[in-house]
Amino acid sequence: MSKHTKLKLKRLLAAVLAGTMLMSTSACRSPEEFYHEVILGETSGKGKKKKTTEEKTTEKETGATTSEPEDTEEEIEYATTENEEFQALLDEYFINGITSDTLSFNSLVKNRDSFPEAAEKMEEATLGDPSMDEAAIAEGKEKDEDFYNRLMEFDGVTMTEDEMFTFETLKDEYERSMHFYDNIYFYEPFSPMRGEQENLTSNFVDYTFDDKKDVDDYITFSGQVRDYFNGLIEYEYDKSEAGFFMSDAVADKVIDQCDEFMKEKEDHVLILSFDEKIDAVDFLSDDEKASYKEQNKSNVLDTIIPAYEDLKAALEDLKGTGTNDKGLCYYDGGKEYYADYIYPKYSGSSKTPEEEAKLMDDRWDEKMMEMTSLYYSNPDGYDWYVDNSEEAFSKYDDMDIEDLVNELQENYMDNYPIDGKIPFEIKYMSDSVAKISESTMAYYQVCPVDDPNFNQIVVNPNYETDRFNTLAHEGTPGHMFQFWYFRNTDPNPARSLAFNLGYIEGWAVYSSNYLLKEETLDTGSDYDDFVGKLNQVDTDLGYLMMGRIDIGVNYEGWDKDEIVEYLTGKVNEGKEEEVAEDMMTTVTGDPGAYLSYTTGFYEMEELRKYAEDELGSKFDKKEFHKAILDVGPCQYKFLRKKVNEYIRENR
């Protein structure tokens, strides 16, 4: 079942990312005291102290960081016409990608006529093959190796610049993904954040009904859920026997998710949301609508809910068989797996985890210094924000969501390459969906490959704060803008399958946070230009803490006591134990999940600073952003090459 279409900015812990800063008193505080009373917020910051020559020299000698990309590009001779054989391989890659399951096809393709070969392959609805036995794994590996070998037949072949870039990115993707097979038992299909049980609701609710076949397909694959889950449950028993079952804390979290999903029966979210969508279509008769509603209700009550019952029973049966309640590095080969697969997959970075950990530690000190500097530069503004943080963005929180998205497009996009407006619609979660998705404030539903103007932002109506930050991240200049823009560059369809999360989330965090730094927001106070900067630094510290703990636990081997030690002075006094326990469960249940936000943002910011240093007065924000967005999702080592091209062309 596809996960990549749901780009959600989930809240890690209510206690850690609360939405806005939480203050209890109005007394004037030092930055350190202030941060002790903040359970970190969520809108990142900027500001780096200048390194001395001695510091730069030390970093180069130790390899602690690679903050400045080298401009060492060689002249390459490109073809002027496309390579037909390579294009055929890319077509095959694309068709296979969008037809892996019906959910993927529905989310990526708006009109079947756009890709008739794919539509023909998707004649039969399916959730995909859940098999994870030795034979299925061997077959999957063989297919990946076969495609890679066919791809490598083009190594050294003269192709167009676009083809060469696509070749390099696909080659890198397959070489990295082959590490998945280093130990297949490191894969967890039922993880708390990325698991099948967690994402099924949004995947099913977001499925679109454009014609009768869509409805028929939905009825078909929703009837497959129990068999699909049971195939993966068999794999959980294999994991347990091999000594790789999840920890009891992670299992309890997934069991709680199952209980939440199964709370309702006749009024289940998958019944109510289906009925709403069916009532809205105009291509079915009343009798057909009634029939489909009955079929779906039967599937939910007799197939889907029992699938969750099966999963809960299996997890309860397997609890206690896990051999490791700490990070990946405590497994044989786990540290290497994290460094070679998890870390680059989710961060997009070519740095090592050691380099990134040092960068994060240095950044924490820099951000605390920046907060201190902000305090002493404007004590009154600082104190106003401490006393009024929840009201600082109330103007935007009080706006209608659609009006706010329009406000962002009309008044905050001067530094981005956009003419006109992006068409969009706001889709509110129903009460039942909002209840089961209580940790999700909003998310952008990625536009189809063949229709970049079909944009939806799904909003939880229960959230009434932090709307400006959230919609800047999910809408413009964040996800909606980046996908709409790239789709409109008419890339090869194969590039449209690139879901490099470090780039995707890195852009959304970077663009929304630089908006706070570089724009003046209306806070209803005398400190409009100050409040955004302070809020940004606080958010940066929140992201930073989560990413650092992920590396600490999964790569360096931190236990809970070491998390407590790291958190001391960073969260509310007395909360360290509670937060550490939740953080341990989160980063062991879903290793690498927050690196897309932290490291992805830092990589994007690093390229911005590099380009500014190289171009000086010739640096133009809009042109830089255009260079980034023209490339589309990729690993940062490839994005650096394109940034170097941009720099050479604008010197």
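## Strands side by side

Two strands count as paired if DSSP finds at least two bridges between them. Keep that in mind as you look at this predicted model, starting with strands β2 and β4. Strand β2 (residues 425-428) runs parallel to β4, and 4 bridges join the two. If you want a spot to zoom in on, try Glu425, which stands opposite Gln456 in β4.

Now look at β3, which covers residues 440-445. This strand pairs with β4 (residues 456-459) too, but in the antiparallel sense, again over 4 bridges. Here Ala442 has Val459 of β4 as its bridge partner. So β4 takes part in a parallel pairing with β2 and in an antiparallel one with β3, because each of these pairs passes the mark of at least two bridges.

## Covered strands

In a regular strand, side chains alternate between the two faces of the sheet. What does that look like in β4, and are its faces covered? Gln456 and Val458 sit on one side, Ile457 and Val459 on the other, and all of them are buried, so both faces are covered. Strand β3 is mostly covered as well: 6 of its 6 residues are buried.

## A helix tucked away

After β4 comes a loop, and then helix α20; Asp466 is in that loop. Is Asp466 buried or exposed? It counts as buried, because its relative accessibility is 6% and the cut-off for buried is under 20%. Its backbone is worth a look as well: phi is near 60°, a positive value in a residue other than glycine.

Helix α20 itself spans residues 467-474, and 8 of its 8 residues are buried, so it is largely enclosed by the rest of the structure. The buried residues include Arg467, Asn469, His473 and Glu474, along with Phe468 and Leu471.

## Backbone oddities

Most residues other than glycine have a negative phi, and most peptide bonds are trans. Against that background, Asp490 is another one to check: its phi is near 55°, which is positive. You'll find Asp490 in the loop between α21 and α22. With 68% relative accessibility, Asp490 counts as exposed, whereas Asp466 is buried at 6%.

Which peptide bond is cis? The one from Thr476 to Pro477 is, with omega near 10°. Pro477 lies in the loop between α20 and α21.

## Salt bridges across the chain

The count of salt bridges comes to 44. One of them joins Asp217 to Arg112, with the closest N and O atoms 3.8 Å apart. That pair links distant parts of the chain, 105 residues apart: Asp217 is in helix α9, and Arg112 is in the loop between α4 and α5. Both Asp217 and Arg112 are buried.

Next, try Lys297 and Glu266, whose side chains meet at 2.6 Å, N to O. Lys297 is in helix α13 and Glu266 is in the loop between α11 and α12, so this salt bridge ties together parts that are 31 residues apart in sequence. Lys297 is partly exposed at 26% relative accessibility, and Glu266 is partly exposed at 46%. Then there's Arg608 with Glu518, where the N to O distance is 2.5 Å. This one links helix α26 (Arg608) to helix α22 (Glu518), 90 residues apart. Arg608 is buried, with a relative accessible area of 1%, while Glu518 is partly exposed at 29%. There's also a network of salt bridges, linking Arg363, Lys367, Glu370, Asp540, Glu605 and Lys609.

## Charge on the surface, and a long-range contact

Which residues form the negative surface patch? They are Asp129, Asp133, Glu134, Glu234, Asp238 and Glu241. Helix α10 (residues 225-242) gives the largest share, 3 residues. Glu234 is found in that helix, and it counts as exposed because its relative accessibility is 55%, with the cut-off for exposed at over 50%.

Finally, go to Phe638 in helix α28 (residues 636-650). Phe638 is buried, with a relative accessible area of 5%. Its C-alpha atom is separated from that of Thr169 by 7.4 Å, although the two residues are 469 residues apart along the chain.

Terms used:
Residues are numbered from 1 along each chain as its sequence is written. This is a predicted model: local features need pLDDT of at least 70, side-chain atom pairs count only at pLDDT 80 or more; totals for chains, interfaces and linings use all residues. Side-chain values use heavy atoms; hydrogens and water are left out. Buried means under 20% relative accessible area, exposed over 50%, partly exposed in between (1.4 Å probe, protein chains only). Patches are made of residues with over 30% relative accessible area and no salt bridge: like charges are joined within 9 Å, nonpolar side chains (Val, Leu, Ile, Met, Phe, Trp, Tyr) within 5 Å. Accessible areas come from the Shrake-Rupley method with a 1.4 Å probe; for residues, only the protein chains shown count as cover. A salt bridge is a side-chain nitrogen of Lys or Arg within 4 Å of a carboxyl oxygen of Asp or Glu. Lys and Arg count as positive and Asp and Glu as negative; His and the chain ends are not counted. The place of a charge is taken as NZ of Lys, CZ of Arg, CG of Asp or CD of Glu.
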